[in-house]
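Student: I have a structure open on my screen and would like to learn how to read it. Could you take me through it step by step?

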Amino acid sequence: MKSAGITSVPRRKPMAEINVVPYIDVMLVLLVIFMVTAPMMTQGVKVDLPETTSDPIQAQKDVEPVIVSVDANGAYYMEVGDEESEPMALGDLNQQVSKILAGRSQRDVLVRGDENVDYGTVVRLMATLQTAGATSVGLITEEPQG
């Protein structure tokens, strides 16, 4: 005998698993975004470094290096870790480097000079860094290609 209007629908078992496919899709999209944007976040100042072979610089792991860049127009930029400055005058650079080096035991400064910049501009920068308290000034170069 059939009951009037009531049919027996088989009940579904509750799902005990989480559908991870949407999470994998989101993860792949984020991975692609990071792969595309990572090269853009490396260095802010465009400098054509001179190419030469040299030994790598030994840096302390817990201290962020002070890097001063000189672009092809002779403008000075300072980078400490991920912080990058706007173009600045040599006197302002001297004051800022002095403040940073005053709190450090290791007073090394690295210079990224464009290969097209005047030699005198780089020498004036190195002299200014020494007056600011830098005990060692290193020059950053690129490996020769080819």
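Tutor: Gladly! Let us start with a term: two strands count as paired if DSSP finds at least two bridges between them. With that in hand, look at one such pairing: Ser69 stands opposite Arg112 in strand 4. Keep in mind that this is a predicted model.

Student: How many bridges join strand 1 to strand 4, and do they run parallel or antiparallel?

Tutor: Here is the general idea: strands of a sheet pair through backbone hydrogen bonds, either parallel or antiparallel. In this case strand 1 and strand 4 are parallel, with five bridges joining them.

Student: What is the pLDDT average of the chain?

Tutor: Begin with the general point: where pLDDT is low, the predicted coordinates should not be read in detail. This chain has an average pLDDT of 83, and 86% of its residues score at least 70. Among its elements, helix 1 (residues 21-37) has the highest mean, 93, while strand 3 (residues 83-84) has the lowest, 78.

Student: Back to the sheet, then. What is the order of its strands?

Tutor: The sheet is an open one of five strands, in the order 3-2-1-4-5, and its pairing is mixed. Strand 3 and strand 5 (136-139) are at the edges with a single partner strand each, so one side of each has no neighbour in the sheet.

Student: In which sense do strand 1 and strand 2 pair?

Tutor: Strand 1 (residues 66-70) and strand 2 are antiparallel, over five bridges. Along this pairing, Val68 stands opposite Met78, and Ser69 is opposite Tyr77. The two strands make a hairpin with five residues between them, and Gly74 in its turn has a positive phi of about 85 degrees.

Student: And how many bridges join strand 2 to strand 3?

Tutor: Two bridges, and these strands run antiparallel. Val80 is the residue opposite Glu83 in strand 3. This hairpin has two residues between its strands, and Gly81 has a positive phi near 65 degrees. At the other edge, strand 4 and strand 5 run parallel and are joined by four bridges, with Val111 opposite Leu139.

Student: Which way do the residues of strand 2 point?

Tutor: The general idea is that in a regular strand the side chains alternate between the two faces of the sheet. In strand 2, Tyr76, Met78 and Val80 point one way, Tyr77 and Glu79 point the other way, and all are buried. Five of the five residues of strand 2 (residues 76-80) are buried, so this strand is largely enclosed by the rest of the structure. Strand 1 is covered on both faces too: Val66, Val68 and Val70 are buried on one side, and Ile67 and Ser69 on the other.

Student: Which residues touch the most other members of the largest nonpolar core?

Tutor: As a general guide, in soluble globular proteins, nonpolar side chains tend to be buried together. Here the largest nonpolar core has 18 residues, and those touching the most other members are Val68, Met78, Leu93, Val97, Val109, Leu125 and Leu129. At least two residues of this core come from each of strand 1, strand 2, helix 2 (90-102), strand 4 (108-113) and helix 3 (119-131). Try selecting Met78: the residues it touches include Val68, Leu93, Val97 and Ile100.

Student: Which strands does helix 2 lie across?

Tutor: Helix 2 lies across strand 1, strand 2 and strand 4, and runs at about 15 degrees to strand 2. Helix 3 also packs on the sheet, where it touches strand 1, strand 2, strand 4 and strand 5. The direction of helix 3 makes about 155 degrees with that of strand 1.

Student: With which residue does Arg112 form a salt bridge?

Tutor: The partner of Arg112 is Glu79, and their closest N and O atoms are 3.5 Å apart. Arg112 belongs to strand 4 and Glu79 to strand 2, so the pair ties together parts that are 33 residues apart in sequence. Both Arg112 and Glu79 are buried.

Student: One last residue: is Thr135 buried or exposed?

Tutor: Thr135 is exposed, and its relative accessible area is 63%. You will find Thr135 in the loop between helix 3 and strand 5. Leaving aside neighbours within four places in sequence, Thr135 is in contact with Arg107 and Asp108.

How values were computed:
Residues are numbered from 1 along each chain as its sequence is written. This is a predicted model: local features need pLDDT of at least 70, side-chain atom pairs count only at pLDDT 80 or more; totals for chains, interfaces and linings use all residues. Side-chain values use heavy atoms; hydrogens and water are left out. pLDDT is the predictor's confidence in each residue, from 0 to 100. Buried means under 20% relative accessible area, exposed over 50%, partly exposed in between (1.4 Å probe, protein chains only). A nonpolar core is a set of buried Ala, Val, Leu, Ile, Met, Phe, Trp, Tyr and Cys residues joined through side-chain atoms within 4.5 Å. Contact means heavy atoms within 4.5 Å. Axes are lines fitted to C-alpha atoms, for helices over the stretch in contact, and angles run from 0 to 180 degrees between N-to-C directions. A salt bridge is a side-chain nitrogen of Lys or Arg within 4 Å of a carboxyl oxygen of Asp or Glu.
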